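Student: Hey, have you got a few minutes to go through a model with me? I'd like to start with the empty spaces inside.
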Amino acid sequence: MKYLVIGAGGTGGSIGAFMTEAGKDVTLIARGEHLQKMQEQGLRMETTIKGNYVVHPVKATDMEHYEEQPDVIFVCVKGYSLEDTIPFIRKIAKTDTIVIPILNLYGTGSRMQEKLPGLLVTDGCIYIAAEIKEPGIIWQKGNIFRVVYGVRDPEQLCPAMFEIAKDLKDSGIDAVLSENIRRDALQKFAYVSPMAACGLYYHVSAGEVQKTGDARDTFVKLMKEMDALAVAMGVPFQMDIVTTNLQILDTLEPSASTSMQRDIYAGKSSEIDGLIYEVVRMGQQYGVPVPTYEMIASKARAEGLQ
C-alpha cells in the first residue's frame with residue numbers, strides 16, 4: 001500500500017523512517033530546513049532500538065508538491081496544526097483512503113471524521129519518546145515504539161486495517177489493531193496528559209518524575225483522576241493505569257520531556273488546551289472531581305499559557 005505521513009517530527013519521522021527502511025512506499029510531508037535536509041541527505045535516526053543510521057533516500061515533500069493518492073494517511077501533526085491538514089487530505093485522498101490520526105489529544109478521529117465525511121477516519125495513538133534533534137535528525141529516547149489504532153464502529157473494520165498492522169510489524173513497529181480504540185486511546189491520553197501536566201508544573205523532565213518525591217506523587221494523582229474519568233465515560237481501563245504508566249515512565253531516558261513542554265519553553269504554540277484544560281472540562285462534563293488538574297490549570301492560566 002501507498003502511505004503518506006503528514007508531519008515528520010518525532011512521531012511521523014520515526015514511522016516514516018522505519019517503514020521506508022523496511023521497503024514500504026512511504027512519503028513524508030514536512031517543511032522548512034527539516035524537509036530540505038531529508039531531501040538532500042536522508043533522515044538520520046538516533047535510536048536505542050536500532051542504533052544510529054541514515055535512511056536515504058527518503059521520499060519527502062511539502063503539501064504543495066505532493067501529487068500521489070495514498071491508501072493510508074498517518075496524521076502526525078500537533079493539535080494546533082490539525083485544521084491545516086483537512087483541505088490537503090480532501091484534495092489528495094481517494095474514496096477508500098484510510099486516515100489514521102496519531103496525536104496526543106483525545107477524540108481527534110471523531111472530530112476529523114465530521115470534516116471528512118466521505119473517508120474512513122479511525123482513531124490512533126502512539127507510544128514513543130522522540131523528537132527532532134536538529135533538521136534532518138530524529139532522536140528516539142527509549143525502547144517503546146507502539147502504534148495503536150482502530151475503528152470506532154466495528155462495521156467499518158476492513159481488510160486494509162489488518163494489512164496496515166502487518167506493514168507496521170514488518171517495519172519493526174509494535175502495531176496494535178484495537179478492538180476498543182476509544183478506551184485504548186484514552187489509556188494513552190492517561191499517560192501523556194498527566195506527564196505533560198506534571199512536567200510543566202514542576203518544570204522537570206522524566207528523570208525527576210522517575211524519582212520518589214513530589215513530582216512522582218503528583219503524576220500518580222493525575223493518573224488516578226484520569227482513571228476516575230474513564231469509569232465515568234463508560235470505558236474503564238482494563239489494567240492498573242498507575243502501575244502500567246509508571247513502568248512506561250521508568251523505561252524512558254531521564255532527559256525525555258513532552259512536546260508540549262518543549263513548545264512552551266520555546267515560546268511556540270502548544271497543545272496545553274487539549275492536554276490540560278480539556279481534562280478540567282471533561283471533569284465538569286462527567287461530574288468527576290479533578291483537583292490536581294485544576295491546580296495545575298490555574299497555575300498555567302496565571303502564567304498566561306493558552
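**Cavities, sheet and loops**

Tutor: Let's start with helix 12, which gives three residues to the lining of the second largest cavity, the largest share. Keep in mind that this is a predicted model.

Student: Fine. Which residues line that second largest cavity?

Tutor: The lining is made up of Leu200, Tyr201, His203, Ile296, Lys299, Ala300, Glu303 and Leu305. At least two residues come from helix 6, and at least two from helix 12 (291-302). By class, five are nonpolar, one is polar and two are charged.

Student: What volume does the second largest cavity have?

Tutor: About 50 Å³.

Student: His203 caught my eye in that list. Where is His203 placed?

Tutor: His203 sits in the loop between helix 6 and helix 7 (206-209). The phi of His203 is near 55°, which is positive although the residue is not a glycine. For background, most residues other than glycine have a negative phi.

Student: Is His203 buried or exposed?

Tutor: Neither label fits: the relative accessibility of His203 is 47%, so His203 counts as partly exposed. The exposed class takes over 50%.

Student: Back to the empty spaces. How many cavities of 30 Å³ or more are there in the whole structure?

Tutor: The search finds two. The largest cavity has a volume of about 80 Å³. It is lined by 13 residues, and Leu103, Leu105, Tyr106, Gly124 and Ala185 are the closest to its centre.

Student: Which elements supply at least two residues each to the lining of the largest cavity?

Tutor: Strand 9 (123-127) and helix 6 (181-202). The lining divides into seven nonpolar, four polar and two charged residues.

Student: What about open pockets, say the second largest one? What is its volume?

Tutor: The second largest pocket has a volume of about 410 Å³. Of its 20 lining residues, Tyr106, Gly107, Arg111, Glu278 and Met282 are the closest to the centre. Helix 4 (108-115), helix 6 and helix 11 (272-286) are the elements that give two or more residues to that lining.

Student: And which helix gives the largest share of the second largest pocket's lining?

Tutor: Helix 11, with seven residues. The classes in this lining are six nonpolar, six polar and eight charged.

Student: New topic: the sheet. In what order do the six strands come?

Tutor: The order is 5-2-1-6-7-8, in an open sheet with parallel pairing. Strand 5 (59-61) and strand 8 (120-121) are at the edges with a single partner strand each, so one side of each has no neighbour in the sheet.

Student: How many bridges join strand 7 to strand 8?

Tutor: Two bridges link strand 7 (residues 98-101) to strand 8. Ile98 has Leu120 as its bridge partner in strand 8. Helix 1 (residues 10-21) packs on the sheet and touches strand 1 (2-6), strand 2 (25-29) and strand 6 (72-75). The direction of helix 1 makes about 155° with that of strand 2.

Student: Last bit, prolines. Which peptide bond is cis?

Tutor: The one from His56 to Pro57 is cis, with omega near 0°. Pro57 lies in the loop between strand 4 (52-55) and strand 5. In general, most peptide bonds are trans.

Student: And Pro154, buried or exposed?

Tutor: With a relative accessible area of 67%, Pro154 is exposed. Pro154 belongs to the loop between strand 12 (146-150) and helix 5 (159-170).

Note on methods
Residues numbered from 1 in each chain as written. Predicted model: local features only at pLDDT ≥ 70, side-chain atom pairs only at ≥ 80, totals over all residues. Heavy atoms only, no water. 1 Å grid on protein atoms, 1.4 Å probe; cavity = no way out; pocket = protein on both sides within 12 Å on 5 of 7 lines; lining within 4 Å. Points joined across faces, edges and corners; volume = space filled by probe spheres on them. Helix = DSSP H or I, 4+ residues; strand = E, 2+ residues; numbered from the N terminus. Nonpolar A, V, L, I, M, F, W, Y, C, P; charged D, E, K, R; others polar. Pairing = 2+ DSSP bridges. Contact = heavy atoms within 4.5 Å. Axes fitted to C-alpha atoms, helices over the stretch in contact; angles between N-to-C directions. Buried < 20%, exposed > 50% of the residue type's maximum accessible area, 1.4 Å probe, protein only.
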